[in-house]
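Let's take a walk through this model together, starting with one small local detail and then moving on to the ligand.

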Amino acid sequence: MVWLDKKKRQEQLRNAKVQADRAFFGYERIHTTEKTERVLHHFNSVARHYDFMNTLLSFGIHYAWKRTAVRMLKLAPGDRILDVCGGTGDLAIMAANAIGPAGQVIIYDINRAMIQAGLPKIINTELESRVRHVQGNAECISFSDRHFEGVMVGFGIRNVTRMQKGFEEMYRVLKPGGKMMCLEFSKPTWPVFRWLYDFYSFHIMPFLGELIAGSRKAYTHLPESIRMFPLPDELSEVLKRIGFSQVSYRRLTNGIAVIHLAVK
Ligand SMILES: C[S@@+](CC[C@H](N)C(=O)[O-])C[C@H]1O[C@@H](n2cnc3c(N)ncnc32)[C@H](O)[C@@H]1O
């Protein structure tokens with residue numbers, strides 16, 4: 001089932017350059033402007049249930065993945081951190097705890113409904129003064145060059161219409177020596193586990209999506225988009241081409257999720 005082979009994935013990356021006006025939404029190839037619209041619509045429809053569905057569908061493991069990812073960034077007190085595609089702010093909250101009262105985290109997301117869904121986790125807590133929200137597109141980040149000690153993106157870059165542009169922007173706003181962390185879904189390495197994961201992704205997840213969040217479509221798009229995403233080595237190559245150094249990655253839970261780390 002469904003995982004692109006290497007040739008097709010490379011074709012996809014090449015096409016993204018040659019046919020700059022085309023992009024994939026799940027398995028569907030559409031116009032880039034339509035993709036941005038559809039991603040907005042997708043997250044509008046899931047925002048209210050996003051945190052609950054994440055916890056349910058991952059059996060709560062996503063928190064452990066996020067904690068590991070933030071720990072690997074080795075943040076220091078006073079750091080300024082950008083959480084690109086920050087959504088409801090889990091990574092930002094963990095980072096805000098690590099950087100202390102002198103630091104600042106910006107949750108940067110294109111979708112207002114997602115930002116709003118995360119506000120109750122921050123407002124009236126000690127983190128309120130450390131976490132700021134900015135609504136904007138990851139393809140043109142509204143901060144000046146070399147502004148942040150760290151930039152992270154969790155389960156978001158898959159949705160950005162021109163992924164490479166998103167990473168280039170993250171590179172631009174990082175200070176020299178600053179670190180970038182990308183946490184994203186990937187392909188389990190053990191075939192039997194992968195088969196179970198595929199079954200779960202294409203049968204159970206859409207069913208639960210319909211039952212609880214009222215959208216089978218949204219939770220069908222999710223597993224499709226994961227299977228279109230570059231594998232860890234391929235993503236490492238993309239990051240190196242942009243200019244990142246010390247690119248490394250770590251697989252989590254047999255490769256369901258992968259953390260990439262890179263330095264500017
Ligand atoms: C799957 S959620 C991840 C949220 C959060 N980082 C987490 O780990 O739970 C993806 C987020 O990316 C945002 N997003 C999608 N395309 C974007 C873009 N071009 N620029 C900024 N945010 C975008 C969506 O609005 C959504 O909140």
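Which backbone nitrogen does the side chain of Ser 215 reach? In this predicted model, that partner is the backbone nitrogen of Ala 218, at 3.0 Å. To find the spot, follow the chain to the loop that joins helix H8 (191–213) to helix H9 (218–228), for Ser 215 sits in that loop.

Is Ser 215 buried or exposed? Its relative accessible area is 13%, and because buried means under 20%, Ser 215 counts as buried. You can also look at what packs around this serine: leaving aside neighbours within four places in sequence, Ser 215 is in contact with Ser 45, Gly 209 and Glu 210.

Now turn to the ligand. Its surroundings are made up of 19 residues, and the closest are Cys 85, Asp 109, Asn 137, Ala 138 and Gly 154. By class, this shell splits into 9 nonpolar, 8 polar and 2 charged residues.

Some polar contacts are worth displaying here. Asn 137 places a polar side-chain atom 2.8 Å from a nitrogen atom of the ligand. Cys 85 takes part through its backbone, with an N or O atom 2.9 Å from a ligand nitrogen. Tyr 50 uses its side chain, where an N or O atom is 3.0 Å from an oxygen atom of the ligand. As for how much of the ligand is covered, on its own it has 600 Å² of accessible area, and the protein covers 97% of that.

Key. Residues numbered from 1 in each chain as written. Predicted model: local features only at pLDDT ≥ 70, side-chain atom pairs only at ≥ 80, totals over all residues. Heavy atoms only, no water. Near = heavy atom within 4 Å. Polar contact = N/O pair within 3.5 Å; in protein donor to acceptor, adjacent residues only side chain to side chain. Areas by Shrake-Rupley, 256 points an atom, 1.4 Å probe, with all protein chains shown as cover. Nonpolar A, V, L, I, M, F, W, Y, C, P; charged D, E, K, R; others polar. Helix = DSSP H or I, 4+ residues; strand = E, 2+ residues; numbered from the N terminus. Buried < 20%, exposed > 50% of the residue type's maximum accessible area, 1.4 Å probe, protein only. Contact = heavy atoms within 4.5 Å.
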